[in-house]
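This report describes the enclosed space, the surface and the charged pairs of one protein chain. The sequence and the structure are shown first.

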Amino acid sequence: MLRARVLIPFAVATLIWGSTWIVIRDQLGVVPPSWSVTYRFLVAAVAMFAYALATGAPLRLGRAGQAFAIPFGVAQFVLNFNFVYRAEAHITSGLVAVVFALLLVPNAILARIFLKQPVAGRFLGGSAVALAGVAMLILHEARTDASSGPATILGVGLTFLGVLSASAANVMQGTERARALPMASMLAWGMLWGAGIDALFAWMTAGPPIVEWRWGYLAGILHLGILASAVAFTCYFGVIRAVGPARAAYSSVITPVLAMLLSTVFEGYRWSLLAAAGGVLALAGLAGGISAPRPAAKSG
């Protein structure tokens, strides 16, 4: 049975990320996506350095630590989010959230290849049920999406690229090298490197910084930087280090259901029988798969 030290951070990250898709949608428009991503992770880096100082975590990582933080920051905080923010310009936030639930698949595959983590049969069965539910949600969203066909394909493709980038960063967190680094320090530097590279990319592609001095936009940056990044990633990567990338990715299965529930309240989202059935299947698969015993890794 999973302990509270895993279930509580898992629940915190999932609940926070369930709301981020709507907030990201509000960030699009006046400010180029890459600048919004930059501001988000600059705020997140400041928050993580403050947390590291408050908890006594070392601020220096050394060359080996920085050699890990840089590619990790690029995969998670540059590639992943630049793809996701651009995807939301072409398809609905609900569809992006649903497609991102497929993170479960590359996480499980890459963890098996690079971390030698075996997969239990019940986990595979639960994953298949959950993914069937996700497929039904995708079908519902595709039917109701007002975007043109090419725009929908582009948006889904960008989301898949974000999924692959996030999966690479997830698997990096499951390595012994990552476990040897203090979480707060590693995340602080990864976010700082990510914000710096995001800024360079934004300046090259969109010109000098642009800020929308609207309360909603600024509040969204703080929400995404502090809660959805500093807090949620600390919780989520702690879960990865405890149970592995495959199980941790169940957060991405339940997140779109939460996102759609919030969309029902704030955006007038209408549930169809297909979407409701997909949500039930996704949650049922989650319950079955996450309760599977974790098989011991093979030695050698």
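A residue is called buried when its relative accessible area is under 20%, exposed when that area is over 50%, and partly exposed in between. With a relative accessible area of 29%, arginine 179 therefore falls into the partly exposed class. The model discussed here is a predicted one.

## Salt bridges

Side chains of opposite charge can pair when their charged atoms come close. In this model, three salt bridges are found. The table lists each pair with its closest N to O distance.

| Residue pair | Closest N to O distance |
|---|---|
| Arginine 214 and aspartate 26 | 3.2 Å |
| Arginine 179 and glutamate 176 | 3.4 Å |
| Glutamate 212 and arginine 214 | 2.7 Å |

Arginine 214 appears in the pair with aspartate 26 and again in the pair with glutamate 212. Through shared partners, Asp26, Glu212 and Arg214 are joined into one network.

Which parts of the chain does the pair of arginine 214 and aspartate 26 tie together? Arginine 214 is located in the loop between α9 (183-206) and α10, whereas aspartate 26 belongs to helix α1, so the contact links parts that are 188 residues apart in sequence. Both of these residues retain some accessible area: arginine 214 is partly exposed at 30%, and aspartate 26 is partly exposed at 33%. Glutamate 212, in contrast, is buried, because its relative accessible area of 15% lies under the 20% limit.

The pair of arginine 179 and glutamate 176 is a local one within a helix. Both residues lie in helix α8 (residues 176-179), where they are three residues apart, about one turn of the helix. Glutamate 176 counts as exposed at 60% relative accessibility, while arginine 179 is partly exposed at 29%.

## Enclosed space

Rolling a probe the size of a water molecule over the atoms shows where empty space is left. A search of the whole structure yields two cavities of 30 Å³ or more. The largest cavity has a volume of about 270 Å³.

How many residues line the largest cavity, and which of them lie nearest its centre? The lining consists of 20 residues, and those nearest the centre are Trp17, Trp21, Asn80, Phe81 and Phe100. Two or more lining residues are contributed by each of the helices α1 (4-27), α3 (62-87), α4 (93-100), α7 (149-173), α10 (215-243) and α12 (251-266). By type, the lining of the largest cavity comprises 12 nonpolar residues, seven polar residues and one charged residue.

Asparagine 80, one of the residues nearest the centre of the largest cavity, is part of helix α3. Asparagine 80 is buried, because its relative accessibility of 3% is under 20%. Its C-alpha atom lies 29 Å from that of alanine 276, a residue 196 positions away in sequence.

Phe100 is also among the residues nearest the centre, and it is one of the buried residues of α4. Helix α4 is mostly covered, with eight of its eight residues buried. These buried residues are Ser93, Gly94, Leu95, Val96, Ala97, Val98, Val99 and Phe100.

## Nonpolar surface

Helices α1 and α10, both contributors to the lining of the largest cavity, also take part in a nonpolar surface patch. The patch covers about 450 Å² and is made by Ile8, Val12, Leu222, Ile226, Leu227 and Val231. Each of α1 and α10 supplies at least two of its residues, and the largest share, four residues, comes from α10. Valine 12 is placed in helix α1 and counts as partly exposed at 30% relative accessibility.

## Two loop glycines

Is glycine 244 buried or exposed? Glycine 244 is buried, with a relative accessible area of 0%. This residue sits in the loop between α10 and α11 (245-248). The C-alpha atoms of glycine 244 and proline 71 are 19 Å apart, and the two residues are 173 residues apart in sequence.

Glycine 56 occupies the loop between α2 (33-55) and α3. This glycine is exposed, with a relative accessible area of 61%. Between the C-alpha atoms of glycine 56 and serine 185 the separation is 9.9 Å, although the residues are 129 residues apart along the chain.

Definitions and conventions:
Residues numbered from 1 in each chain as written. Predicted model: local features only at pLDDT ≥ 70, side-chain atom pairs only at ≥ 80, totals over all residues. Heavy atoms only, no water. 1 Å grid on protein atoms, 1.4 Å probe; cavity = no way out; pocket = protein on both sides within 12 Å on 5 of 7 lines; lining within 4 Å. Points joined across faces, edges and corners; volume = space filled by probe spheres on them. Nonpolar A, V, L, I, M, F, W, Y, C, P; charged D, E, K, R; others polar. Patch = residues over 30% accessible without salt bridge, like charges linked within 9 Å, V, L, I, M, F, W, Y side chains within 5 Å. Areas by Shrake-Rupley, 256 points an atom, 1.4 Å probe, with all protein chains shown as cover. Salt bridge = Lys/Arg side-chain N within 4 Å of Asp/Glu carboxyl O. Buried < 20%, exposed > 50% of the residue type's maximum accessible area, 1.4 Å probe, protein only.
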